[in-house]
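Work through the exercises below with the sequence and the model open. Each task is followed by a solution in steps.

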Amino acid sequence: MSRFLSERFSNIEPYTPGEQPKVSNLIKLNTNESPFPPSPKVIEALNNEELSKLNLYSDPDTKEVIDAIAKTFGVSSNQILMGNGSDEILAFAFQAFCDKVNEPCFADITYGFYPVFCELYGLEPEIIPLKDDLSIGIKDYIGKNKPIFIANPNAPTGLALSLTDIEKILESNKDSVVLIDEAYVDFGAESAVSLVDKYDNLIVSRTFSKSRNLAGARIGFAISTPELIADMCKMKFSFNPYNLNRLSIIAGKESVLDTEYFNRCISEIISNREYTVNELTKRGFTIPDSKANFIFAKHNTLSGEEYFNELRKRNIVVRYFSKERIKDYVRITIGSIEQMKALIEATDEILKG
Ligand code: PMP
C-alpha cells in the first residue's frame with residue numbers, strides 16, 4: 001500500500017477471484033465457466049471487419065445487444081441495462097440504492113462480492129445466516145424493508161428458491177429494492193424476470209459468463225422497471241459510459257439470438273451435473289440439490305481441504321472456501337463429460353488412499 005491511498009480504502013479486503021492458472025494441462029473446475037466455446041455465430045461475427053473498427057468507441061447505449069435481449073426475454077429495451085459482467089450491475093445497484101439509511105441485507109453464505117461492494121461503498125450490511133441445511137430461510141426476509149440481495153440459485157450452495165418464495169419476499173418489501181442475482185438461473189431454477197412488470201422494486205441481474213459461454217467477454221445485464229434501470233444508468237454514465245466494448249456488444253447479440261446452441265449447452269451441463277452428483281453420492285459425498293453449473297460437495301470422512309489439495313496434485317482445480325460454516329465442502333464446476341469422468345477417477349484414487 002502506498003502512502004497515497006485514501007484512508008477510507010486502507011482496510012478494504014478485495015474480492016479474490018478463483019485461480020486462472022497459466023498451465024494448459026489442468027482440468028479447470030474452479031470458476032464456474034462453461035467448458036464449451038461461445039456460439040459459432042459469435043465466433044463468425046467477430047471478424048476482421050469488426051476488429052478494424054476498434055479505433056472507434058463502442059455504442060454507449062449498447063443498443064444492438066439490448067434489443068436482442070429485449071426480444072428474447074419479451075421486455076422493452078428501456079427495461080435493460082448492460083454491465084461489464086454482472087459484477088458491474090451489482091456495483092451499480094449497491095451504489096444507487098444503498099446508503100446509511102438503506103443498508104443492504106444478504107445471506108452469510110452467498111456470493112463473496114456482496115460484502116466487498118459494501119466495504120467499497122461504506123455500507124454496513126445486515127448478514128442473514130442460511131438455515132442449517134444451507135438453504136435460505138424465507139421468513140428471515142419478510143418485511144425487512146431494506147435493500148435485499150439474493151443469489152438465486154445461491155452460490156456456492158447451488159440451492160434455488162421457488163418463484164413463489166421470491167414473490168413472498170417482494171410482496172413484503174414493497175418499499176425496498178430486491179435484487180435477484182440470476183447468474184446461474186439457466187441451469188434449472190425459475191427466473192424472476194416474469195415478475196418485473198408486477199413489482200416496481202425488483203431488479204434481476206443476469207450474466208453471459210456461465211450459460212452463454214462468454215466469461216471472457218464480460219457481459220452482464222439487468223432487467224427491471226424503466227425507472228430502476230434509469231437510476232442504474234445514471235451510475236454507469238457517471239463512471240464508464242462505454243462499459244461494453246464493441247466486440248462484446250456483437251458477441252452478446254449473436255449469443256442471445258442463438259437459442260438452439262444455448263439449449264444444447266445447457267442440457268449437456270445438466271446431464272453432466274446429474275452424472276457427477278450420482279457418482280459422488282455413491283462414494284460418500286453429500287450434495288445439496290444444485291440448480292447451477294456447479295455442485296457443493298462434502299465427504300463423510302475426507303476433509304474439504306484435503307480433497308481440494310489431492311485433486312490439485314492430480315491437475316484438477318476446484319474451489320475451496322476456508323469459511324467456518326462451509327469449510328468441509330468443495331465447489332466443483334460442471335465441465336464436459338470427459339472432465340467429470342476424470343474427476344471421478346481421481347476421486348476414486350484419493351479415496352483409496
Ligand atoms: N453473481 C454470482 C452469484 C456469481 O457467482 C458471479 C460469478 N463470479 C457473478 C454474479 C458475476 O459474474 P460476471 O461478472 O462474470 O457476470
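**Exercise 1. A helix pair**

How closely do the axes of helix H9 (residues 259–282) and helix H11 (residues 337–352) approach, and at what angle do they cross? State the relative direction of the two helices, then find the residues in contact.

Solution. The model is a predicted one.

Step 1. The axes of H9 and H11 come within 10 Å, and their crossing angle is roughly 10°.

Step 2. Angles under 35 degrees count as roughly parallel. H9 and H11 are therefore roughly parallel to each other.

Step 3. On the H9 side, the contact is made by Asn272, Tyr275, Thr276, Glu279 and Leu280. They meet Ile337, Met340, Lys341, Leu343, Ile344 and Thr347 in H11.

Step 4. Sorted by class, the residues of this contact are six nonpolar, three polar and two charged.

**Exercise 2. Backbone exceptions**

Which peptide bonds ending at Pro153 and Pro156 are cis or trans, and what is the sign of phi at Asn32? Place each residue in the chain.

Solution.

Step 1. Start from the general expectation: most residues other than glycine have a negative phi, and most peptide bonds are trans.

Step 2. The bond from Asn152 to Pro153 is cis, with omega near -5°. Pro153 sits in the loop between strand E5 (148–151) and helix H6 (163–171).

Step 3. The bond from Ala155 to Pro156 is also cis, with omega near 5°. Pro156 belongs to the loop between E5 and H6.

Step 4. Asn32 is not a glycine, yet its phi is positive, at about 55°. Its place is the loop between strand E1 (27–28) and helix H1 (40–45).

**Exercise 3. Enclosed space**

How many cavities of 30 Å³ or more are there? Describe the lining of each.

Solution.

Step 1. Rolling a probe the size of a water molecule over the atoms shows where empty space is left. The count of cavities of 30 Å³ or more is two.

Step 2. The largest cavity holds about 50 Å³. Its lining consists of Ser39, Ser211, Arg212, Asn213, Ser255, Asp258, Tyr261 and Phe262. By class, this lining has two nonpolar, four polar and two charged residues.

Step 3. The second largest cavity has a volume of about 40 Å³. Of its 13 lining residues, Ser34, Phe187, Lys210, Asn213 and Ile269 are the closest to the centre.

Step 4. The lining of the second largest cavity divides into seven nonpolar, four polar and two charged residues. At least three of its residues come from each of domain 1 (7–37 + 260–352) and domain 2 (40–258).

**Exercise 4. The largest pocket**

What is the volume of the largest pocket, and which element gives the largest share of its lining? Add the make-up of the lining and the domains it draws on.

Solution.

Step 1. The largest pocket contains about 1,100 Å³ of space. It is lined by 46 residues, of which Tyr15, Thr16, Tyr111, Gly112 and Arg319 are the closest to its centre.

Step 2. Helix H4 (86–97), strand E3 (105–107) and helix H5 (113–120) are the elements that give two or more residues to this lining. H5 gives the largest share, five residues.

Step 3. By class, the lining of the largest pocket has 22 nonpolar, 13 polar and eleven charged residues.

Step 4. Domain 1 (7–37 + 260–352) and domain 2 (40–258) each supply at least three residues to the lining of the largest pocket.

Key:
Residues numbered from 1 in each chain as written. Predicted model: local features only at pLDDT ≥ 70, side-chain atom pairs only at ≥ 80, totals over all residues. Heavy atoms only, no water. Axes fitted to C-alpha atoms, helices over the stretch in contact; angles between N-to-C directions. Helix = DSSP H or I, 4+ residues; strand = E, 2+ residues; numbered from the N terminus. Parallel < 35°, antiparallel > 145°, perpendicular 65-115°, else oblique. Contact = heavy atoms within 4.5 Å. Nonpolar A, V, L, I, M, F, W, Y, C, P; charged D, E, K, R; others polar. 1 Å grid on protein atoms, 1.4 Å probe; cavity = no way out; pocket = protein on both sides within 12 Å on 5 of 7 lines; lining within 4 Å. Points joined across faces, edges and corners; volume = space filled by probe spheres on them. Domains from an automatic or database assignment.
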